[in-house]
Amino acid sequence: SRWEEEKKEDGVKWTQLEHRGPYFAPLYEPLPDDVQFYYDGKPLKLSLATEEIATFYAKMLDHEYTTKEIFQNNFFNDWRKEMTLKEQNIIKDLDKCDFREIHKYFVDKSEARKALSKEEKQKLKEEADKIQEEYGYCILDGHREKIGNFKTEPPGLFRGRGDHPKMGMLKKRIMPEDVVINCSKDSKIPEPPEGHKWKEVRFDNTVTWLASWTENIQNTLKYIMLNPSSKLKGEKDWQKYEVARRLKDVVHKIRAQYRADWKSKEMKKRQRAVALYFIDKLALRAGNEKEEGETADTVGCCSLRVEHIKLHPKLDGQEHVVEFDFLGKDSIRYYNKVSVEKLVFKNLELFMKNKDPGDDLFDRLNTSILNRHLQSLMDGLSAKVFRTYNASITLQEQLKALTNSEDNVAGKLLSYNRANRAVAILCNHQRSTPKTFEKSMQNLQTKIDAKKQQVEEAQQELKKAEDEFEETKDAKAEANLEKKKKLLKRLEEQLAKLNVQATDKEENKQIALGTSKLNYLDPRISIAWCKKFGVPIEKIYNKTQREKFAWAIDMADEDFEF
């Protein structure tokens with residue numbers, strides 16, 4: 001199969017790479033004259049650059065972000081930098097700015113888009129498809145492969161996740177002059193847009209990206225990569241899970257060793273062993289060192305500070321409880337109270353002795369030391385493999401425990417989502433309750449109430465039909481009775497299905513299932529489960545996900561064991 005073609009020499013990722021370069025976000029279209037910005041109650045005509053940035057804020061008026069002070073301050077600072085001197089002299093207070101008319105203009109515009117006729121929508125779709133055809137594919141070693149994100153991100157206001165300190169800052173427009181192109185020497189080199197030139201064109205076959213640029217807020221590199229469904233990405237994904245499966249064979253030895261190391265004579269080894277216990281048991285991320293002041297103050301296991309944990313000899317009827325409270329990746333808060341083994345507890349007391357709150361908990365450890373050690377225990381092993389391994393093994397065990405083969409498909413899916421939730425909780429994948437949650441829950445409740453009404457009516461109808469049959473005992477009444485029984489059964493099944501949906505929705509409101517499903521769970525576990533229990537794969541994976549996991553759908557049968 002195409003997953004198993006000839007191997008290249010080490011480090012070389014391709015011999016041929018040809019593409020059109022990125023598709024740039026469309027230029028700014030000025031507001032019509034009758035849509036105005038007001039300052040201190042009076043209309044104020046803004047210069048083009050200033051107006052464009054005003055529209056970014058206006059579009060977000062109904063969003064929680066624009067109510068946050070840090071967002072407002074960052075926006076206002078960055079906006080003022082782009083204003084003309086004249087504008088800077090007038091616009092000095094965000095509270096006096098009125099963006100409502102601009103906001104309404106964009107709301108109306110999006111409503112108008114939704115209200116287009118089928119033909120007009122079809123025409124727009126065809127235009128988008130044309131761009132996708134032209135820019136969305138590359139030729140890689142003779143295969144036509146889909147590109148992931150072939151469009152540059154449009155300018156706007158940075159959102160960040162969690163309470164990101166840079167939220168509201170201005171995300172600048174990406175120009176061809178910012179972009180480095182990567183392709184093969186002998187290919188047709190992409191043309192920059194009229195009147196522009198690329199920052200650089202290089203021919204580096206040891207990397208898989210097609211173009212890159214530095215974004216201005218975090219100063220990080222952004223890349224245009226292949227789509228997850230491409231052979232290159234599929235292979236990498238498959239290898240990731242194969243490494244995690246190899247861990248399964250040695251994990252008991254590794255656990256025995258780190259437990260022994262809790263008593264080591266070397267402080268360095270003890271710290272390594274306790275950190276590894278956290279990474280294994282709690283699926284914490286490793287936690288790389290970060291540049292001071294560069295980004296949000298987030299940590300992982302190796303970079304934990306004394307202030308991030310509290311020790312409780314006894315708490316809520318449990319012994320040796322460690323209370324974690326820190327901001328992890330994407331500024332998502334990790335809060336957990338865990339009863340740990342006595343030796344771990346004793347070691348933590350030792351690591352915290354005579355230290356200030358801001359000191360490192362594991363002062364003799366960093367991620368490179370930890371990963372070097374792990375590599376020596378198993379080829380390809382690093383801290384993140386534990387997350388993949390523990391997530392996948394948890395899903396497999398939970399599916400075994402929770403699935404009832406007698407259930408209907410809706411019941412089985414509830415079990416699947418519960419198993420997936422166990423993983424998301426282990427990995428601390430949270431989300432804020434969606435804006436639309438209350439409304440969609442109400443809609444569902446309305447449906448449930450209506451269905452209950454139908455069930456009650458059907459019960460009464462059935463009762464009538466039974467009485468009628470009792471009286472007459474004729475064939476027509478008997479047929480009617482059967483019909484009413486069937487109707488009631490069907491309605492009861494529909495009601496049960498709606499109730500299952502409501503349970504699922506409620507349990508899921510603050511948990512993000514998608515991250516683990518796409519990144520930490522071996523898709524073959526889910527595909528095997530689908531095949532074994534007769535659940536259609538599309539109930540678990542949507543079209544994009546089925547493309548990404550094509551390698552697994554090809555490979556897994558119902559007996560697959562992680």
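Among contacts in the protein chain between residues at least 6 apart in sequence, what percentage join residues at least 24 apart? In the predicted model analysed here, the share is 67%. The chain comprises 562 residues, of which 42% count as buried. Its secondary structure consists of 17 helices and 15 strands. The C-alpha trace spans about 95 × 75 × 55 Å along its principal axes. An accessible surface of about 31900 Å² was computed for the protein chain, with 49% of this area belonging to carbon and sulfur atoms. The chain carries 103 positive and 97 negative charges, and the mean positions of the two sets are 2 Å apart.

Four domains are assigned. Domain 1 is made up of two segments, 17-25 and 122-230, while domain 2 covers 38-119. Domain 3 covers 233-381, and domain 4 covers 391-555. Between the C-alpha centres of domain 2 and domain 4 the distance is 43 Å.

An open sheet of three strands is found with the order E3-E2-E4 and antiparallel pairing. Strands E3 (42-43) and E4 (97-98) stand at the edges; each has a single partner strand, so one side of each is left without a neighbour in the sheet. The pairing of E2 (residues 38-39) with E3 is antiparallel and rests on two bridges. Within this pair, tyrosine 38 has proline 43 of E3 as its bridge partner.

Isoleucine 91 lies in the loop that links helix H3 (85-90) to E4. The relative accessible area of isoleucine 91 is 0%, so this residue falls under the 20% limit and is buried. With residues up to four places away in sequence not counted, the residues touched by isoleucine 91 are Phe37, Tyr39, Leu44, Leu46, Phe76, Trp79, Arg80, Met83 and Cys97. Among these contacts, Tyr39 belongs to strand E2, and Cys97 belongs to strand E4. Isoleucine 91 and alanine 550 are 459 residues apart along the chain, and their C-alpha atoms are separated by 55 Å.

Two hairpins are described next. In the hairpin of E5 and E6, strand E5 (residues 137-140) pairs with strand E6 (residues 143-146) in the antiparallel sense over four bridges. Isoleucine 139 is placed opposite arginine 144 of E6. Two residues separate the strands of this hairpin, and aspartate 141 adopts a positive phi near 45°.

In the hairpin of E11 and E12, strand E12 (residues 221-224) runs antiparallel to E11 and is joined to it by four bridges. Six residues lie between these strands, and asparagine 219 has a positive phi near 65°. Strand E11 (residues 211-214) also pairs with strand E9 (residues 180-182), in the antiparallel sense and over two bridges. Alanine 211 takes part in both pairings of E11: this residue is the bridge partner of isoleucine 181, and isoleucine 224 in E12 is in turn the bridge partner of alanine 211.

Helix H12 (residues 437-472) contains alanine 458. The relative accessibility of alanine 458 is 4%, and the residue therefore counts as buried. Beyond its neighbours within four places in sequence, alanine 458 is in contact with Leu487, Leu488 and Leu491. The C-alpha atoms of alanine 458 and lysine 485 are 8.5 Å apart, although 27 residues separate the two in sequence.

Helix H15 (residues 523-533) is mostly covered, with nine of its 11 residues buried. These buried residues are Pro523, Arg524, Ile525, Ser526, Ile527, Ala528, Trp529, Cys530 and Phe533. The elements that cover them include helices H6 (231-261), H10 (383-402), H11 (409-426) and H17 (550-555). Alanine 550, the residue paired above with isoleucine 91 in the distance of 55 Å, falls within H17. Just after H15, glycine 534 has a positive phi of about 65°.

Key
Residues numbered from 1 in each chain as written. Predicted model: local features only at pLDDT ≥ 70, side-chain atom pairs only at ≥ 80, totals over all residues. Heavy atoms only, no water. Pairing = 2+ DSSP bridges. Domains from an automatic or database assignment. Buried < 20%, exposed > 50% of the residue type's maximum accessible area, 1.4 Å probe, protein only. Contact = heavy atoms within 4.5 Å. Areas by Shrake-Rupley, 256 points an atom, 1.4 Å probe, with all protein chains shown as cover. Lys, Arg positive; Asp, Glu negative; His and termini not counted. Charge placed at Lys NZ, Arg CZ, Asp CG, Glu CD.
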